[in-house]
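Work through the exercises below with the sequence and the structure side by side, and try each task before reading its solution.

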Amino acid sequence: MENWKKAFELSLLELKESTTGFFILLFFYLIITLYTIFSFPSYLENNFLGVDSLFIIAFTVAPLWSRPKVFQMQTKQNGYIVPSVVMLQHLPIPKDVIIKSRIIIHYVYTIPVQFILLLSLYLFSGPLQDMMTFGTYIVFMIIWFSFGIYVGGMFLASDMGDRTPPFKAIVYTIITIILAIFLMASMIILTGFGIVHWTLIFAQKWPLVSAMISIGLAILGYVYWYRYMKKQLRTLDYM
């Protein structure tokens, strides 16, 4: 518990310098929210990639874009580093505190704006209110918050840096995007429903099972990414 307290105090140093970034992030999520609200009636009928893609982005990589440049990953000859993590490595700060501070910063950036997106979608979407009660919709929220932990956690873990050379990282990113689009399009073609629509169905038909599985995946994801960050911090060369 003491390490969490120290991590919170450490994270405040970065968060205080990120006010502009928060406003940029809020504006970006406002655009996503408005698009999703206005598109949702049509999405429920036709299922298209726009809503699915924005949800994936909103619960994974989007929060990273708004951070001040000094706190973002920077290219290095043999990979990527985060300057703030490098600086903390040279101070007498326990590695566990550094990791926990990154976790706090990540979820301060993600949870509030994601909550606004999900809550606004239900409050301003009549078809969605007709489809399920707010109690059932909470399960849908749990599914996506959990997704943001066990999949979005990879972007939290990236704060520790990476040995992958910049060119290879770009190639991997392009391949990942193409593969994600292919999988989402294939799901719509083969099943008639997109990812977001399927999670609504899961929340509606199997709420307890969906919530339990999602929470379980979130716990496993958190443990995995925490251990990954610990390993990276211990083995990477930050010089």
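**Exercise 1. Find the helix that holds Phe202, and decide whether this residue is buried, partly exposed or exposed.**

Solution. Keep in mind throughout that the model is a predicted one. Locate Phe202 along the chain, where it falls within helix H11, which spans residues 195-205. Next, take the relative accessible area of Phe202, which is 36%. Because buried means under 20% and exposed means over 50%, with partly exposed in between, Phe202 counts as partly exposed.

**Exercise 2. Identify the residues that form a nonpolar patch on the surface together with Phe202, and name the helix that gives the most to this patch.**

Solution. The patch is formed by Phe202, Trp206, Val209, Ile213, Leu217 and Leu220, which together have about 580 Å² of accessible area. Turning to the helices, the largest contribution comes from helix H12 (residues 207-235), which gives 4 residues.

**Exercise 3. Describe how helices H8 and H6 are each oriented with respect to H12.**

Solution. Begin with helix H8 (residues 134-150), whose axis comes within 8 Å of that of H12 and crosses it at roughly 20°. Since angles under 35 degrees count as roughly parallel, H8 and H12 are roughly parallel to each other, and their crossing is left-handed. Continue with helix H6 (residues 95-123), where the axes of H6 and H12 come within 10 Å and cross at roughly 130°. That angle makes H6 oblique to H12, and the crossing of H6 and H12 is right-handed.

**Exercise 4. Determine which side chains meet in a salt bridge, and how the two residues are placed in their helix.**

Solution. The count of salt bridges comes to 1, and the side chains that meet are those of Lys100 and Asp96, with an N to O distance of 2.8 Å. Both residues lie in helix H6, and because they are 4 residues apart there, about one helical turn separates them. The accessibility of the two partners can then be assigned: Lys100 is buried, with a relative accessible area of 10%, whereas Asp96 is partly exposed, at 22%.

**Exercise 5. Place Val61 in the chain, classify it as buried or exposed, and state how far its C-alpha atom is from that of Gly153.**

Solution. Val61 sits in the loop that runs between helix H3 (49-58) and helix H4 (62-65). Its relative accessible area is 19%, so Val61 is buried, the cut-off for buried being under 20%. Finally, although Val61 and Gly153 are 92 residues apart along the chain, their C-alpha atoms are separated by 9.5 Å.

Key:
Residues are numbered from 1 along each chain as its sequence is written. This is a predicted model: local features need pLDDT of at least 70, side-chain atom pairs count only at pLDDT 80 or more; totals for chains, interfaces and linings use all residues. Side-chain values use heavy atoms; hydrogens and water are left out. Patches are made of residues with over 30% relative accessible area and no salt bridge: like charges are joined within 9 Å, nonpolar side chains (Val, Leu, Ile, Met, Phe, Trp, Tyr) within 5 Å. Accessible areas come from the Shrake-Rupley method with a 1.4 Å probe; for residues, only the protein chains shown count as cover. A salt bridge is a side-chain nitrogen of Lys or Arg within 4 Å of a carboxyl oxygen of Asp or Glu. Buried means under 20% relative accessible area, exposed over 50%, partly exposed in between (1.4 Å probe, protein chains only). Axes are lines fitted to C-alpha atoms, for helices over the stretch in contact, and angles run from 0 to 180 degrees between N-to-C directions. Angles under 35 degrees count as roughly parallel, over 145 as roughly antiparallel, 65 to 115 as roughly perpendicular and the rest as oblique. A crossing is left-handed if the near helix is turned anticlockwise from the far one by less than a right angle, and right-handed if clockwise.
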